[in-house]
Amino acid sequence: MLDEINRWCEEKRQSVEIVVNDWGMASLVKKSRRNLIPSLGILLNKRRKDPRIPFKKGEQKWFERNSLNAGFYRNFLEREYGIQRFEWESCGYEQQIPPGKNSLHIPFYQTNTSQYCPLGAVCETGERGRQKLAKKCPGYCTEYALLYPEHLHMIGRYNSLFGIDMRILKEEEILENYIQNGVDRVVIRAW
């Protein structure tokens, strides 16, 4: 498929941005496809995203940063994969956006994904912590979801937890602050 996209780009004399969310795709895009511009996707831009953070006590500054805040890592991504754009998710608290090209996805975000099924564990054992690898999916997620207190604005579906950043929707200055601090593109996600 990447070869077909590259051929189309050659014919149209265009470039296409490809969001890479795994290192295998980054390696494929890297291989002699000068018309395909890689962008580090939100799944590779690992950051702790937990809607409970504003309600926890103690030092929270370390949540603002991740490996992309290190210049040597951004240099490595550019040198090895040609990645110069980074995808971020708004997640209800301040993030330090590094210099460069940055896209911010609003208002939905994914907090984490498990290789196991927390919903299956709740349905089968009554406890979310008793997760195990599902050999055959019983499809609990077609009828059920894990619900959390309303003030957290999150839900568990499939093997993932999802949230919505209500603050960025209600407080205009938050989005303005992101733009002033390095976000040059906003992506609206609708689920």
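# A walk through the strands, a helix and two hollows

Start by selecting leucine 147 and isoleucine 155: the isoleucine, in S7, is the bridge partner of the leucine. Keep in mind as you click around that this is a predicted model.

**Stop 1: the sheet around that pair.** Now colour S6 and strand S7, residues 154-157. These two strands pair in the antiparallel sense, over 2 bridges. Widen the selection to the whole open sheet, and you have 4 strands in the order S5-S8-S7-S6, with antiparallel pairing. Which strands stand at the edges? They are S5 (108-113) and S6 (146-147). Each has a single partner strand, so one side of each is left without a neighbour in the sheet. If you turn on hydrogen bonds, remember that strands of a sheet pair through backbone hydrogen bonds, either parallel or antiparallel.

**Stop 2: some parallel strands.** Next, pick strand S1 (residues 16-20) together with S2; they run parallel and are joined by 5 bridges. Zoom in on glutamate 17 and you'll find isoleucine 37 of S2 standing opposite. Then add strand S3, residues 85-89, which also runs parallel to S2, with 2 bridges joining the two. For a landmark here, select leucine 40: its bridge partner in S3 is phenylalanine 86. Is S2 mostly covered or mostly open? Show the surface over residues 36-40 to see that S2 is mostly covered, with 4 of its 5 residues buried.

**Stop 3: helix H3.** Select residues 71-81 for helix H3, and show the side chains of its buried residues: Tyr73, Arg74, Leu77 and Tyr81. Look straight down the axis of H3: these buried residues fall within an arc of 100°, so they line one face of the helix. There's a handy rule behind views like this: an α-helix has 3.6 residues a turn, so residues three or four places apart point the same way. What do the buried residues of H3 pack against? Helix H2 (23-30), S2 and S3, so bring those into view too. Now spin to the face of H3 turned away from its buried side, where the exposed residues Phe72 and Arg79 sit. Before leaving, click on glycine 82, which follows H3 and has a positive phi, near 75°.

**Stop 4: a cavity.** How many cavities of 30 Å³ or more does a search of the whole structure find? Just 1. The largest cavity holds about 40 Å³ of space. To frame it, select Ile42, Asn45, Arg47, Lys49, Glu87, Trp88, Glu89 and Gln95, which line the largest cavity. Colour that lining by residue type and you get 2 nonpolar, 2 polar and 4 charged.

**Stop 5: a pocket.** The second largest pocket is next, with about 260 Å³ of space. Its lining has 18 residues, and the closest to its centre are Cys117, Gly120, Ala134, Cys137 and Pro138, so select those five to centre your view. By type, the lining of this pocket divides into 10 nonpolar, 4 polar and 4 charged residues.

**Last stop: zoom out.** Show the protein chain as a cartoon to take in its 6 helices and 9 strands. Its C-alpha trace spans about 55 × 45 × 30 Å along the principal axes. Of the 191 residues of the chain, 39% count as buried. Finally, draw contacts between residues at least 6 apart in sequence: 54% of them join residues at least 24 apart.

Definitions and conventions
Residues are numbered from 1 along each chain as its sequence is written. This is a predicted model: local features need pLDDT of at least 70, side-chain atom pairs count only at pLDDT 80 or more; totals for chains, interfaces and linings use all residues. Side-chain values use heavy atoms; hydrogens and water are left out. Buried means under 20% relative accessible area, exposed over 50%, partly exposed in between (1.4 Å probe, protein chains only). Two strands pair if DSSP finds at least two bridges between them. The arc is that of the directions from the helix axis to the C-beta atoms. Contact means heavy atoms within 4.5 Å. On a 1 Å grid over the protein atoms alone, a cavity is a set of points where a 1.4 Å probe fits but cannot get out, and a pocket is an open set with protein on both sides within 12 Å along at least five of seven lines; lining residues have an atom within 4 Å of a point. Grid points are joined across faces, edges and corners, and a volume is the space filled by probe spheres set on the points. Ala, Val, Leu, Ile, Met, Phe, Trp, Tyr, Cys and Pro count as nonpolar, Asp, Glu, Lys and Arg as charged, and the others, Gly among them, as polar.
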